[in-house]
Amino acid sequence: MRDSFGREITYLRISLTDRCNYRCIYCMPQHGIDNKLDHEDMLSLEEMYVLIKNFVELGINKIRFTGGEPLVRKGIVDLVGKVSKLKGVRDLAMTTNGQLLKQMAKPLKEAGLNRVNISLDTLDPMKFVKITRQGDLNAVLEGIDEAINVGLTPVKINTVLIGGINDDEIRDLIDFTKRGIDVRFIELMPIGEAANFAKERFVSTNLVLETVSELVPIEREDKSSPAAYYVLPGVKGKVGLINPISCKFCENCNRVRLTSSGKLKLCLHSDREIDLGSALRNNENIKEIIRDAIWTKEESHHLEDEQYIIRNMNQIGG
Ligand code: SAM
Ligand code: SF4
């Protein structure tokens, strides 16, 4: 599937639920999400599967499950099993906070999941509680070990840099690369709860390079990835720097997103959505709607605007 700028769209990111077992300070309010989706607005996993099948038949070959927290969605292992068997799926991955990974890594691997990205913003148990409000650091660390044990690899760790909170832990987090794990630092976006404080707490990923001056740049393997990669000399794992706002890899963008209510989002930074869930329930021609929508994918994102997107990351799937 190509869009009107000639980009081939091969990557689908799916938010399986807007719910989560954490309440990260930059993502969700303490009391949980406002405007939580009613169950009937959320696609069933069967409906999700039908949409995914249509996407794969149209040329999507890489799928990532995210959320909210994908591992709190009941039936996730079965869905992974069915999607992994679709002819044409070459890479099936998941982004998770890792809280439930220790017990779920093995069944997920057996169902056909290839790899996981795990969000981890701090190695300090007290700070971990401060950031996630209800997470347990030890469970995540055990989840990382288990993911490696069962072969959900390469494991990648995603860290959102938050000024005054975890910007003093860059070196400790980079130590994970010595275990062959990629560690990616992401700049805080003014979205979700962070819309209220992103300016004050924003830390540029340049700080990573200033803090660990031994890092050497390596060539970008995947042109569509928003991360610029570096390594510590002689170390296998990579350090990725992601500037979601200022990055300008739009010309190589190959991804679209599906929300848990079945809305197709062609660009993370746009509020425009196409309601595939309703189209499915009305027996409309899904392939035609997807193809037409992809053709209209935004050329690039405009970030100078003060008014940023309305949805939170837990709804879009970060
Ligand atoms: N719950 C899962 C997790 O945390 O990995 C998957 C969904 S979460 C929305 C996906 C990613 O979005 C996480 O790595 C999270 O840190 C990131 N994220 C959420 N809000 C963000 C923000 N305001 N700025 C930057 N990244 C954010
Ligand atoms: Fe949940 Fe992920 Fe949002 Fe944290 S960032 S509240 S783990 S969805």
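**Entry 1. Asn283**

I opened with Asn283, which I located in the loop between helix H9 (276-281) and helix H10 (286-295). I note at once that the model is predicted. I then looked up the backbone of Asn283 and found a phi of about 55°, positive although the residue is not a glycine. For context, I recorded that most residues other than glycine have a negative phi. Is Asn283 buried or exposed? I class Asn283 as exposed because its relative accessibility is 70%, and the class begins over 50%.

**Entry 2. Arg133**

I next looked up Arg133, another residue with a positive phi that is not a glycine; its value is near 65°. I placed Arg133 in the loop between helix H4 (125-132) and H5. For Arg133 I noted a relative accessible area of 27%. Arg133 is therefore partly exposed, as the class lies between 20% and 50%.

**Entry 3. Thr153 and Pro154**

Which residues does a cis peptide bond join? I found this bond between Thr153 and Pro154, with omega at about 0°. In general, most peptide bonds are trans. I traced Pro154 to the loop that runs between helix H5 (137-150) and strand S5 (156-161).

**Entry 4. Ligand 1**

I turned to ligand 1 and counted 17 residues around it. The closest of these are Tyr26, Gly68, Ser119, Val160 and Met189. By class, I recorded 7 nonpolar, 8 polar and 2 charged residues in the shell of ligand 1.

I then listed polar atom pairs between protein and ligand 1. A polar side-chain atom of Ser119 is 2.5 Å from an oxygen atom of the ligand. Thr96 brings a backbone N or O atom to 3.3 Å from an oxygen atom of ligand 1. For Ile191, I found a backbone N or O atom 3.5 Å from a nitrogen atom of ligand 1. How much of ligand 1 does the protein bury? Taken alone, ligand 1 exposes 540 Å², and I noted that the protein buries 95% of that area.

**Entry 5. Ligand 2**

For ligand 2, I wrote down the surrounding residues: Cys20, Tyr22, Cys24, Cys27, Met28, Gly68, Asn97 and Asn314. I found that this shell divides into 5 nonpolar and 3 polar residues, with no charged residue. Gly68 appears in the list for ligand 2, and I had already noted Gly68 among the closest residues to ligand 1.

**Entry 6. Tyr26 and the nonpolar core**

I looked up the largest nonpolar core, which holds 97 residues. Which of its residues touch the most other members? I recorded Tyr26, Ile63, Phe65, Val83 and Phe185. Helix H1 (residues 45-57) gives the most to this core, contributing 7 residues.

I followed Tyr26 further, since it also stood in my list of closest residues to ligand 1. Leaving aside residues up to four places away in sequence, I found Tyr26 touching Asp121, Ile131, Val160, Ile162, Leu188, Ile191, Gly192, Glu193, Ala194 and Phe197.

**Entry 7. Ala227**

I found Ala227 in strand S8 (residues 227-231). Why is Ala227 classed as buried? I class it so because its relative accessible area is 1%, while the limit for buried is under 20%. I checked its contacts, leaving out residues up to four places away in sequence, and obtained Arg184, Arg220, Gly240, Leu241 and Ile242. For Gly240, I also noted the C-alpha separation from Ala227, which is 5.3 Å across 13 residues of chain.

**Entry 8. Asn243**

I placed Asn243 in the loop between strand S9 (239-242) and strand S10 (255-258). Beyond residues up to four places away in sequence, Asn243 touches Glu187 and Thr205. I looked for polar contacts between side chains and found one of 2.9 Å joining Asn243 to Glu187. I found another, of 2.8 Å, joining Asn243 to Thr205.

**Entry 9. Arg171**

I closed with Arg171, which belongs to helix H6 (residues 170-174). Arg171 counts as partly exposed because its relative accessibility is 39%. Which residues does Arg171 touch, not counting residues up to four places away in sequence? I found Thr211, Val212 and Glu214. With Glu214, I recorded a polar contact between side chains at 3.1 Å. Lastly, I looked up Arg171 against Ile25, 146 residues apart along the chain, and noted 23 Å between their C-alpha atoms.

Terms used: Residues are numbered from 1 along each chain as its sequence is written. Chains are lettered from A and ligands numbered from 1 in the order in which they are written. This is a predicted model: local features need pLDDT of at least 70, side-chain atom pairs count only at pLDDT 80 or more; totals for chains, interfaces and linings use all residues. Side-chain values use heavy atoms; hydrogens and water are left out. A residue is near a molecule or strand if one of its heavy atoms lies within 4 Å of it. Ala, Val, Leu, Ile, Met, Phe, Trp, Tyr, Cys and Pro count as nonpolar, Asp, Glu, Lys and Arg as charged, and the others, Gly among them, as polar. A polar contact is a pair of N or O atoms within 3.5 Å; within protein, one must be able to donate a hydrogen and the other to accept it, and residues adjacent in sequence count only if both atoms are side-chain atoms. Accessible areas come from the Shrake-Rupley method with a 1.4 Å probe; for residues, only the protein chains shown count as cover. Helices (H or I, at least four residues) and strands (E, at least two) are DSSP runs, numbered from the N terminus. Contact means heavy atoms within 4.5 Å. A nonpolar core is a set of buried Ala, Val, Leu, Ile, Met, Phe, Trp, Tyr and Cys residues joined through side-chain atoms within 4.5 Å. Buried means under 20% relative accessible area, exposed over 50%, partly exposed in between (1.4 Å probe, protein chains only).
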